[in-house]
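This report asks how charged side chains pair up and how two neighbouring helices meet in one protein model. Please keep the sequence and the coordinates at hand while reading.

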Amino acid sequence: MNDVTAEYRRGVLYFDAGDPIEAAKILSTVLDEEPTNAEVRLWLARAYFASAQLNRAEQHLRALIERDPSDHYACHLLGRTLERQNRKREALPFLRLAAAMSSVPDYSAAVRRVAGTG
């Protein structure tokens, strides 16, 4: 196992253990080594979201969606990130897109919450 893979796993472990700030530090260095790795970028965005580093989360999520517009989870998380920044008008299209792509209950609940219909 190479060092980058070990660091990636360590970052995910920190995230899973409830330390998104440390996870983000680790995963950002991994992403520096593998800038095209979408999985690392998604974990980093999740760590930024969980640690309320919302501008950073938004930046990485937009990069993921630009690369793969069919990534329903990235769309949902971008919508949630925008919602947490009180940018509901911007959030709603991403939340609706995620809900249209996948029938995850959290996705439709987010749409209802942001649209004010539930």
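The text below takes up the salt bridges, then a helix pair, and then two individual residues.

## Salt bridges

The model is a predicted one, and the structure holds eight salt bridges. Three of them are set out in the table, each with its nitrogen-to-oxygen separation.

| Side chains | N to O distance |
|---|---|
| Lys25 and Glu22 | 3.9 Å |
| Glu58 and Arg62 | 2.9 Å |
| Glu90 and Arg87 | 2.8 Å |

The pair Lys25 and Glu22 belongs to helix α2, which spans residues 20–33, and because the two residues are three apart in that helix, about one helical turn separates them. With a salt bridge requiring a side-chain nitrogen of Lys or Arg within 4 Å of a carboxyl oxygen of Asp or Glu, the 3.9 Å between Lys25 and Glu22 meets that cut-off. Glu22 has a relative accessibility of 24% and therefore counts as partly exposed.

Glu58 and Arg62 are both placed in helix α4, which runs over residues 54–67, and they lie four residues apart, about one turn of the helix. Is each partner of this bridge buried or partly exposed? Glu58 has a relative accessible area of 10% and is therefore buried, whereas Arg62, at 31% relative accessibility, counts as partly exposed.

In the bridge between Glu90 and Arg87, Glu90 is partly exposed, with a relative accessible area of 39%, and Arg87 is likewise partly exposed, at 22% relative accessibility. Which residues are linked in a network of salt bridges? Glu58, Arg62, Arg87 and Glu90 are the residues linked in this way, so that the pair within α4 and the pair Glu90 and Arg87 are parts of one network.

## Packing of α3 and α4

Two packed helices are described by the angle between their axes and the distance between the axes. Helix α3, made up of residues 38–50, packs with α4 at an angle of about 150°, and their axes are 8 Å apart. An angle over 145 degrees counts as roughly antiparallel, and α3 is therefore roughly antiparallel to α4. The crossing in which α3 passes α4 is left-handed.

The residues of this contact divide into eleven nonpolar, one polar and three charged. On the α3 side, those that meet α4 are Ala38, Arg41, Leu42, Leu44, Ala45, Tyr48 and Phe49; on the α4 side, the partners are Leu54, Arg56, Ala57, His60, Leu61, Ala63, Leu64 and Arg67.

## His60 and Ser51

His60 is found in helix α4 and, at 9% relative accessibility, counts as buried. When its neighbours within four places in sequence are left aside, His60 is in contact with Leu31, Arg41, Leu44, Ala45 and Tyr48. Among these, Arg41, Leu44, Ala45 and Tyr48 also appear on the α3 side of the helix contact described above.

Ser51 has its place in the loop between α3 and α4. Is Ser51 buried or exposed? At 18% relative accessibility, Ser51 counts as buried, because the cut-off for that class is under 20% relative accessible area. Leaving aside its neighbours within four places in sequence, Ser51 is in contact with Pro20 and Ile21. The C-alpha atom of Ser51 is also separated by 8.3 Å from that of Asp19, although these two residues are 32 residues apart along the chain.

How values were computed:
Residues are numbered from 1 along each chain as its sequence is written. This is a predicted model: local features need pLDDT of at least 70, side-chain atom pairs count only at pLDDT 80 or more; totals for chains, interfaces and linings use all residues. Side-chain values use heavy atoms; hydrogens and water are left out. Buried means under 20% relative accessible area, exposed over 50%, partly exposed in between (1.4 Å probe, protein chains only). Axes are lines fitted to C-alpha atoms, for helices over the stretch in contact, and angles run from 0 to 180 degrees between N-to-C directions. Angles under 35 degrees count as roughly parallel, over 145 as roughly antiparallel, 65 to 115 as roughly perpendicular and the rest as oblique. A crossing is left-handed if the near helix is turned anticlockwise from the far one by less than a right angle, and right-handed if clockwise. Contact means heavy atoms within 4.5 Å. Ala, Val, Leu, Ile, Met, Phe, Trp, Tyr, Cys and Pro count as nonpolar, Asp, Glu, Lys and Arg as charged, and the others, Gly among them, as polar.
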